[in-house]
Protein chains: 2
Amino acid sequence: MSKQNFNRQQGYIIAIGGGENKNKKPDILRKFTELCTQGNAHIAIIPTASELEDTGAQYQQIFHRLGAKRTDVLNIKRRIDCESPSILKMINSVDGVFITGGDQSRLADILGGTSLVEAMKQENLHGLHIAGTSAGAAFISQTMIASGKSGNTPRLGMVEITKGSGLSSKLIIDQHFRQRHRLGRLITAVAQNPEKIGIGIDEDTAIFIDHKNKFEVAGGGWVTIVDPAALELCDIKSNFSKQKLSVEGLKLHMLTSGDQFDIETRQVMLC
Amino acid sequence: MSKQNFNRQQGYIIAIGGGENKNKKPDILRKFTELCTQGNAHIAIIPTASELEDTGAQYQQIFHRLGAKRTDVLNIKRRIDCESPSILKMINSVDGVFITGGDQSRLADILGGTSLVEAMKQENLHGLHIAGTSAGAAFISQTMIASGKSGNTPRLGMVEITKGSGLSSKLIIDQHFRQRHRLGRLITAVAQNPEKIGIGIDEDTAIFIDHKNKFEVAGGGWVTIVDPAALELCDIKSNFSKQKLSVEGLKLHMLTSGDQFDIETRQVMLC
């Protein structure tokens with residue numbers, strides 16, 4: 001039975017920066033599982049980004065250990081799989097969807113624009129919680145970073161943008177952020193899409209976006225917010241080869257566990 | 001004869017992020033030398049930060065190649081050397097002073113608060129150009145980064161602050177910035193000194209601060225400006241061990257060659 005019948009409030013969207021603790025201190029995965037246990041504790045796992053055979057099964061074990069009652073791995077390898085009635089029916093009945101890490105281009109290529117993504121969006125409005133880690137977090141964006149170079153300063157051409165799921169339409173989400181020195185590519189991405197807000201999530205760190213489009217930070221690292229509302233930039237430098245980008249007037253926040261950010265008003269609430 | 005008699009305008013203060021090109025494309029060192037050749041092309045080199053014997057001699061060769069008429073290496077190894085009448089007299093007569101890289105704590109310990117630094121400040125007001133690279137650039141600050149840990153997110157205790165020369169009183173200058181991932185320590189430094197402006201200078205990159213306290217960027221990298229004018233922060237996190245710092249409302253600029261920044265008005269002028 002569709003959760004729409006219960007008229008529940010919108011589910012959480014959760015973006016995890018990759019490398020989340022899975023054993024000793026699995027705070028982020030526990031928090032996601034606990035949200036799902038407010039329903040029937042049934043979680044579907046989408047391991048499509050990963051090319052490893054056991055990625056889905058590993059997360060099944062973890063979620064069961066953390067209290068999930070039922071888990072299913074959705075075997076999605078081609079776009080046609082995303083139109084499968086049985087898979088769409090499952091999305092209608094689960095309490096949470098978890099999108100694993102791997103290669104985010106695979107998510108864009110295989111899931112992008114399919115009935116599966118549309119069903120996830122619809123069910124999220126009625127209580128389905130959707131989490132993505134690493135590649136799965138990137139895919140939550142509408143304007144999505146497909147790949148890019150590391151380094152903390154912005155260069156034209158250092159980031160490749162594609163279309164994500166649009167589960168969160170106003171954010172560009174990057175992951176492994178502190179660990180892989182990705183400030184430069186996030187700044188380049190928002191410089192090219194200044195209507196978006198750049199969100200860089202460290203490993204073992206997550207944002208839990210609620211139904212009011214406000215998020216709270218969880219986990220052990222930082223969430224870097226690059227707000228280009230007042231951005232000025234100059235990209236007509238004579239440095240042809242390196243295409244160095246000058247940027248002026250970015251607003252920068254670095255948040256840790258418990259801090260909040262309102263995506264609508266762009267206001268920070270430090271805890 | 002003291003340059004004060006000529007009533008010249010204030011000389012440039014030049015901070016170089018270390019690793020400046022010395023051979024094929026020595027643009028920054030050439031620009032400094034050219035400023036000095038507007039006088040008598042006489043440059044004094046302070047190699048005190050370096051523990052290598054030939055650091056001074058190497059810069060002598062470079063400056064001669066670039067057009068300096070006379071160079072002197074000031075042999076300053078103890079605080080008492082900074083009170084030497086012959087050295088103070090030389091500061092009175094040279095057109096430029098160049099402070100090399102090495103260990104910036106040595107600069108703070110040996111030069112800090114001496115008659116030599118006082119003489120340099122006075123002569124700068126009347127036309128003496130003063131450049132510092134790497135450790136020498138850090139020493140230009142009044143509130144100076146003595147040492148710190150790398151990483152792009154701020155933690156309490158990740159940076160040790162000491163007193164620099166105060167040749168530029170409003171900036172906290174860090175160097176090797178992009179290369180050594182020092183955004184975290186610069187943010188921590190300005191969070192603890194929010195009346196200052198944080199300046200992170202990449203290798204082979206420099207700021208030329210003019211008599212109006214405006215600087216222009218030169219060289220091949222970026223200058224990252226962290227302006228904490230609107231900073232809010234929360235440092236009473238319960239993460240005792242790591243002392244993670246949340247920061248809100250930093251203004252961030254990343255400038256490249258030709259871009260300008262007015263230290264007084266905190267305004268950027270992109271080129």
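**Notes on the H3–H5 contact and the sheet of chain A**

1. A good place to begin is the pair of helices H3 and H5: in H3(A), A:Ile87, A:Leu88, A:Ile91 and A:Asn92 meet A:Ser115, A:Leu116, A:Ala119, A:Met120 and A:Glu123 of H5(A). Sorted by class, the contact of H3(A) with H5(A) has six nonpolar, two polar and one charged residues. Please keep in mind as you read on that this is a predicted model.

2. Now for the geometry of that pair. Helix H3 covers residues 85–93 of chain A and helix H5 residues 115–125; their axes come within 9 Å and cross at roughly 15°. Angles under 35 degrees count as roughly parallel, and H3(A) and H5(A) are therefore roughly parallel to each other. The crossing of H3(A) and H5(A) is right-handed.

3. On to the sheet, which is open and is formed by nine strands of chain A in the order S3-S2-S4-S5-S1-S10-S11-S15-S16, with mixed pairing. Strand S3 (70–73) and strand S16 (267–269) of chain A stand at the edges; each has a single partner strand, so one side of each is left without a neighbour in the sheet. On average, and ignoring direction, neighbouring strands of this sheet are turned by 20° against each other.

4. If you would like a strand pair to look at, try S2 (residues 42–46) of chain A and S3(A), which run parallel and are joined by four bridges. There, A:Ile43 has A:Thr71 in S3(A) as its bridge partner.

5. Finally, which helix packs on the sheet, touching S2 and S11 among other strands? Helix H1 (residues 27–37) of chain A does, and its direction makes about 130° with that of S11(A). The strands touched by H1 also include S1 (13–16), S4 (96–99), S5 (129–133) and S10 (205–209) of chain A.

Definitions and conventions: Residues numbered from 1 in each chain as written. Chains lettered and ligands numbered in written order. Predicted model: local features only at pLDDT ≥ 70, side-chain atom pairs only at ≥ 80, totals over all residues. Pairing = 2+ DSSP bridges. Helix = DSSP H or I, 4+ residues; strand = E, 2+ residues; numbered from the N terminus. Axes fitted to C-alpha atoms, helices over the stretch in contact; angles between N-to-C directions. Contact = placed C-beta atoms within 7 Å. Parallel < 35°, antiparallel > 145°, perpendicular 65-115°, else oblique. Left-handed = near helix turned anticlockwise from the far one by under 90°. Nonpolar A, V, L, I, M, F, W, Y, C, P; charged D, E, K, R; others polar.
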